[in-house]
Amino acid sequence: MKKYLSVFLVIVMAFSMATYGYASQRFTTDVTLTVGGDGGGTTNPGDGETPNPNPGGEEKPNPNPDGEEKPNPNPGGEEKPNPNPGGEEKPNPNPGDSSGGRPSRPSGGGGGGSRPSAPNTKPAAPNGVKPGGVDGKGNPYYLIEGVYVAAGIHEDGYMRGYTNMTFGPDDFLTRAQFATIMDRVFEFDEVAITKSFDDTRGHWAENAINRLASRGVILGVSSTEFRPNDGLTKGHVLLMLSRVLDIAKYSKVSNLPSVKQYHAKEAVARMLNSGIYDELDKDFDVNARITRSEMVHLLNNLIYERNAKATRTERVLESRHIFLDLIENRWHMYYHDSVKSMDYNYLMQEVRNFEM
């Protein structure tokens, strides 16, 4: 009897050990499959991390390094309705004529047939010509080589306003408007048209856009698209102006938070450090939409003496009771800039046409 009991105990113990080994193996296998995983059949169970596509921590290349190209959803606030969506010029009945169908200054070199070359050619100094304005320290600005202020701009102005005799000082500036204004104010040595866009064919600003794009002053949102009616930010305008102004001597560092984060921060910092704004506070937002009058303030400081006024233009506006959105808002921060910028000869021509 004892013999049979001993055999029975041996069998029980052997069975128990086999069962324990099998269970241990299953438990170990389950742990291996789940540790570090995501519960969804991860292919990397060891550490739960996916490979880092940017292991060096270096910022990815910016697909829009020049800053002006991406459309802005409207960071500066809601856009006011534009009484003339075409912008600064009347619709052009003759697309081959950049003047928008209006009489222009006599034709000359460098302006695509719309303006004469500036009478004072570039000096021997490598900095290029002086546009007429001074920086924040009272030193003259210099344009880069091959860029000039068009003849007549210093005497007559450059802004023409809307067709309903308003200026739109607080309207947001569009890409087509700024291209037209820049093309009117500046002339270039290189005028061969090498760039155009599919969405500007037949547009009233087509010729101005093509000239500036060919010179590299403005770019498109792609190789074929310009989006002429999209708005511009303060940063966009500063960046475009940096392509005609010699800014190398100004500091490339800015303590303004919005500029520090800007992808074209060095160019924008140099522009701001030049003193292109009369006043600049710490809340300046480089990504905010820019108005027409604020843009005029920057251009005026570049090409005119600071705080220059245009008394004769102001008298015409008052006596004819036109451009009321200016003369009835003399408190406006950029009132004098706006009046000074107006093209006096063109204004008188429009007044005569209106009174006929």
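Accessible area here comes from the Shrake-Rupley method with a 1.4 Å probe. By that yardstick, the chain in this predicted model exposes about 19,100 Å², with carbon and sulfur atoms supplying 55% of it. On the inside, buried residues account for 46% of the 356 residues in the chain.

Now for the layout. Helices number 12 and strands 2. Reading from the N terminus, you go through α-β-α-α-β-α-α-α-α-α-α-α-α-α. As for how the chain folds back on itself, take the contacts between residues at least 6 apart in sequence: 74% of them join residues at least 24 apart.

Salt bridges are a handy way to trace some of those connections. Side chains of opposite charge can pair when their charged atoms come close. The structure holds 9 such salt bridges, and three of the pairs are worth a stop along the way.

Start with D343 and R160, whose side chains meet at 3.6 Å, N to O. D343 sits in the loop between α11 (335-341) and α12 (344-355), while R160 sits in the loop between α2 (153-156) and α3 (175-185), so this salt bridge ties together parts that are 183 residues apart in sequence. Both D343 and R160 are buried, so each falls under 20% relative accessible area.

Next up is D183 with R211, a salt bridge whose closest N and O atoms are 2.7 Å apart. Here the partners come from two helices: D183 belongs to α3 and R211 to α4 (residues 206-215), so the pair links parts that lie 28 residues apart in sequence. D183 is buried, and R211 is buried too. Helix α3, then, carries D183, and the loop between α2 and α3 carries R160 from the previous pair.

The last stop is R330 and E318, which form a salt bridge at 2.2 Å, N to O. R330 lies in the loop between α10 (324-327) and α11, and E318 in helix α9 (residues 311-320), so the pair ties together parts that are 12 residues apart in sequence. Are these two buried or partly exposed? R330 has a relative accessible area of 41%, which makes it partly exposed, and E318, at 37%, counts as partly exposed as well. This pair also has company: E314 joins E318 and R330 in a network of salt bridges.

Look back at α11 and you'll find two of these stops flanking it: R330 is in the loop between α10 and α11, and D343 is in the loop between α11 and α12.

Technical notes: Residues are numbered from 1 along each chain as its sequence is written. This is a predicted model: local features need pLDDT of at least 70, side-chain atom pairs count only at pLDDT 80 or more; totals for chains, interfaces and linings use all residues. Side-chain values use heavy atoms; hydrogens and water are left out. Helices (H or I, at least four residues) and strands (E, at least two) are DSSP runs, numbered from the N terminus. Buried means under 20% relative accessible area, exposed over 50%, partly exposed in between (1.4 Å probe, protein chains only). Contact means heavy atoms within 4.5 Å. A salt bridge is a side-chain nitrogen of Lys or Arg within 4 Å of a carboxyl oxygen of Asp or Glu.
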